[in-house]
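Let's walk through this one together, starting at the DNA and working outwards. Have the model open as you read.

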Protein chains: 2
Amino acid sequence: MARLDALITRKGVYRHGSILYRSGDKFQALYAIRTGFFKTQILNEDGREQVTGFQMAGEIIGMDGIGSDAHTCDAVALEDSEICEIPFSRLEDLGRELPPLQKHLHRILSREIVRDQNIMLLLGSMRAEERLAAFLLNLSQRFAVRGYSPTSFQLRMTRQEIGSYLGLKLETVSRALSQLQESKLITVRNRSLEILCLHGLQACMGKRAR
Amino acid sequence: MARLDALITRKGVYRHGSILYRSGDKFQALYAIRTGFFKTQILNEDGREQVTGFQMAGEIIGMDGIGSDAHTCDAVALEDSEICEIPFSRLEDLGRELPPLQKHLHRILSREIVRDQNIMLLLGSMRAEERLAAFLLNLSQRFAVRGYSPTSFQLRMTRQEIGSYLGLKLETVSRALSQLQESKLITVRNRSLEILCLHGLQACMGKRAR
DNA sequence: TTTTAAATTTGATATATGTCAAAATTAGCA
DNA sequence: TGCTAATTTTGACATATATCAAATTTAAAA
């Protein structure tokens, strides 16, 4: 694993709002987020835009670029963040020598596929409040894995960005958050979010198909 | 490439309606569709279901299973289909010896990620008629790549399945198809579809964000 | 072939979310 | 610190799609 370390270089700090890569940029590396928070978004010809994910410290970003040697989305820092760069062709080289590393890469790629398909399920079959519940539970769970509180955290993104990710307008996001608060499942004040009842949120998420 | 051939074994014929793998099945292999047509679908706890893709001859299926050693969706034959099995651990072994094969696998995995993210864009930001247009154009393009007519083909799936894939109810799919026909962009009669104006469909797809 | 079940279309109506607008709050900047 | 722009909330109303229902067509089974 020391050999993997040798590959990785600090790419430095990305300030809030700055861009790690843009759609169309030549693909050369994956990036590990050391600290901070990012969003990825695709933009199609007619200006339609969609946030495809939010990535936090400890997660890997940039896998969209492998297939065409160019990135297909933009990655934007939502807070000041530190990034490590993993040159991909050298990672492939090393993967050939170290089967566990190779396996790990494949797992990461596959999990991204599964993650995306679960968002498809969310976008295709859940109503606004359920989408919000699913979104908050997902954040909660990821914070928990990283040793942060699963019930109390800051949202790093705007209502607009949450809406884009969930296929909703920002007003709908705001209303759904208010409703969840009304139901005593969460407390939300601006970007500060507290989950009062994880179980209740889970129940809310699984209410019923459309 | 003869060595790749040696890996691959005919898994035989899957009749219409039969299941290649189920969610929860142990992951052991990827599958290449030699002939035929499949759908993949996820089912969550509360019975909500979503078609995550339609796969045709020449495409690879099963990549969702790599990340957790178990499949996360069902793969169902939509017509009688022939399947080849590619044992994944042996593919990984071979990839270590043959860098071009390794690269190819990574590309396929990444392209699946990009495909899914484009469906997220569709589900999150397009209206019913645009989704249908995008869906038909995607099929058209894939048929074209495989040497079939890009403008005249059979739909292998029900309106219900199209709807599930596009996040719409089957009635909405039916109505949207009728509208596209009304606009002289397509002719549809049952499962037979003809695209009268590819350009018009593209324009329809890009109409405007919600 | 005849029968039955499944899939599709179309209409009427309901509803969730979008749109537009204004006020209130918060954050960034000089 | 105060000023300005951005974000958020909430309300009133519009609209796209869902829901319910019935008729029709197509495919499957006996």
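## At the DNA

What does a polar side-chain atom of A:Arg175 lie 2.9 Å from? In this predicted model, the partner is a base nitrogen of DNA strand D. B:Glu171 also reaches a base nitrogen of that strand, with a side-chain N or O atom 3.3 Å away. B:Lys169 uses a backbone N or O atom instead, 3.2 Å from a phosphate oxygen.

Helix H6 (170-182) of chain A and helix H6 (170-182) of chain B are the elements giving two or more residues to this surface; helices here are DSSP runs of H or I, at least four residues, numbered from the N terminus. H6(A) provides the largest share, five residues.

There are 19 residues around strand D, and among those coming nearest are A:Arg159 and B:Arg189 (near means a heavy atom within 4 Å). Sugar and phosphate make up 71% of the strand D atoms that come within 4 Å of the protein.

## How the chains relate

Turn chain A by 180 degrees, shift it 0.0 Å along the axis, and it lands on chain B with an RMSD of 0.0 Å (a least-squares fit on C-alpha atoms of residues with pLDDT of at least 70 in both). That's the relation of a two-fold axis. The C-alpha of A:Arg96 is the one in chain A nearest the axis, at 2.2 Å.

## Ground rules

Residues are numbered from 1 along each chain as its sequence is written, while chains are lettered from A and ligands numbered from 1 in the order written. Local features need pLDDT of at least 70 and side-chain atom pairs 80 or more, whereas totals for chains, interfaces and linings use all residues, and side-chain values use heavy atoms, leaving out hydrogens and water.

Note on methods. Polar contact = N/O pair within 3.5 Å; in protein donor to acceptor, adjacent residues only side chain to side chain.
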